[in-house]
Amino acid sequence: KAVVSTQSTGAADIMTSSSPRVALKNDLIIRAAKGEIVEKVPVWIMRQAGRYLPEFKEIFAKHDFFSICQDPELSCQLTLQPVDRFSLDAAIIFSDILVIPQALGMKCSLIPVVGPCFETPLKSLDDVNALTNFDTKNLQYVYDAISLTCSKLDGRIPLIGFAGGPWTLLSYMVDGQASKTCAKSKRWLYDDKNKSAVLMDLLNDCIVEHLCAQVVAGCSMVQVFETNAGFLTPKMFNEIVAPRLEYICKSLKKKLESLGIEGVPIALFCKGANQSLPILNKLGYDVLSLDWTLDPEIAREFVGCTIQGNLDPCALYAPKEQLHEMTKTMLEKFGTRS
């Protein structure tokens, strides 16, 4: 049976070798995440590093996606490209949510047009039990990239780390790739709750360890991406996924506290789970990220913590004047507190 290594979580090892944290010159997003009144709305972009940058395309012409993720120097370069061009209030490490399944022994490659694909998707509980034991040492390249990036930033702005949520990771590992229905993975939730529970509980512990190690390496904030939440019924999400997301948040805070690390905001993005906002509000996260289908003023009626979001990515196709107006309206609706 695959387990999370308890002999060496990696976090303690990184703690002893990492450099002392540099005081942030711009901590706007950290203060906002904690619900403090701020002088302006902090701005960062979900996919800051991307094909809209010629320097990004230049690197991608020479290296494949996961090779870049596994190269701390290249990951650092791509992370810094947008923050060197624009006045952003945070950087987000260039990595991928699927590094956890890879660390569990699953082989994944990025297929043009299709996206990330697993060579051998999981089909049974035996497949789950055959996964490699998780050890953060297998993801050292992520933490090295974070340490290098923090060194380059030198406190200019905070660095955000991240991990996929348990349901989203399960859906990729079972469906084998992005799916329009998540039919194979949803079948696991319907016809054999035991095997889906075993896998998600394993992933939960991996996620906590991975996020903790990212913070130890230098991240000032982390986010859990439960991107496939909208594929589930509200009942299924609330009963199966939400309790595990709560476990991640509480376990991570407890683990960081045991390492003497405090004040690191934890954000949660559950795309398509707007119907569960009252539930999400009770999970303990400092920040809830909204997708573009929900007005922030309506979200505020159900949420007491800080919220962030939520411009429609396709709004970039709009005329510049209209895009400016939509952005201005969004900023006004979010405001400068929470």
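**Parallel sheet and surrounding elements**

In this predicted model, six strands are arranged as an open sheet with the order β1-β4-β5-β6-β7-β8, and their pairing is parallel. The edges of the sheet are occupied by β1 (91-92) and β8 (306-308); each has a single partner strand, so one side of each lacks a neighbour in the sheet. At the β1 edge, two bridges connect β1 to β4, and the two strands run parallel. Isoleucine 92 lies opposite isoleucine 160 in β4.

Strand β5 (residues 221-225) is mostly covered, with five of its five residues buried. In a regular strand, side chains alternate between the two faces of the sheet. In β5, Met221, Gln223 and Phe225 point one way, whereas Val222 and Val224 point the other way, and all are buried. On one side, β5 is joined in parallel to strand β4 (residues 159-164) by five bridges; the bridge partner of glycine 161 in this pairing is valine 222 of β5. Strand β6 (residues 266-269) is also parallel to β5, and four bridges join the two. Here valine 222 has isoleucine 266 of β6 as its bridge partner. Valine 222 thus has bridge partners in β4 and in β6. The connection between β5 and β6 includes helix α12 (residues 234-258), and the three elements make a right-handed β-α-β unit.

Helix α11 (residues 193-217) contains 25 residues, which at 1.5 Å a residue should span 36 Å; the C-alpha atoms at its ends are 36 Å apart, in agreement with that value. Of the 25 residues of α11, 19 are buried, so the helix is largely enclosed by the rest of the structure. Glycine 218, just after α11, adopts a positive phi of about 140 degrees.

Outside the six-strand sheet, the loop between β2 (108-111) and β3 (115-118) contains valine 113. This residue is exposed, with a relative accessible area of 90%. Together with Ile111 and Val114, Val113 makes a nonpolar surface patch of about 290 Å². Inclusion in such a patch requires over 30% relative accessible area, and the 90% of valine 113 therefore satisfies this cut-off. The exposed valine 113 contrasts with Val222 and Val224 of β5, which are buried.

Definitions and conventions
Residues are numbered from 1 along each chain as its sequence is written. This is a predicted model: local features need pLDDT of at least 70, side-chain atom pairs count only at pLDDT 80 or more; totals for chains, interfaces and linings use all residues. Side-chain values use heavy atoms; hydrogens and water are left out. Patches are made of residues with over 30% relative accessible area and no salt bridge: like charges are joined within 9 Å, nonpolar side chains (Val, Leu, Ile, Met, Phe, Trp, Tyr) within 5 Å. Accessible areas come from the Shrake-Rupley method with a 1.4 Å probe; for residues, only the protein chains shown count as cover. A salt bridge is a side-chain nitrogen of Lys or Arg within 4 Å of a carboxyl oxygen of Asp or Glu. Buried means under 20% relative accessible area, exposed over 50%, partly exposed in between (1.4 Å probe, protein chains only). Two strands pair if DSSP finds at least two bridges between them. A crossover is right-handed if, with the strands pointing away from the viewer, the path from the first strand over the helix to the second runs clockwise. The expected span of a helix is 1.5 Å times one less than its number of residues.
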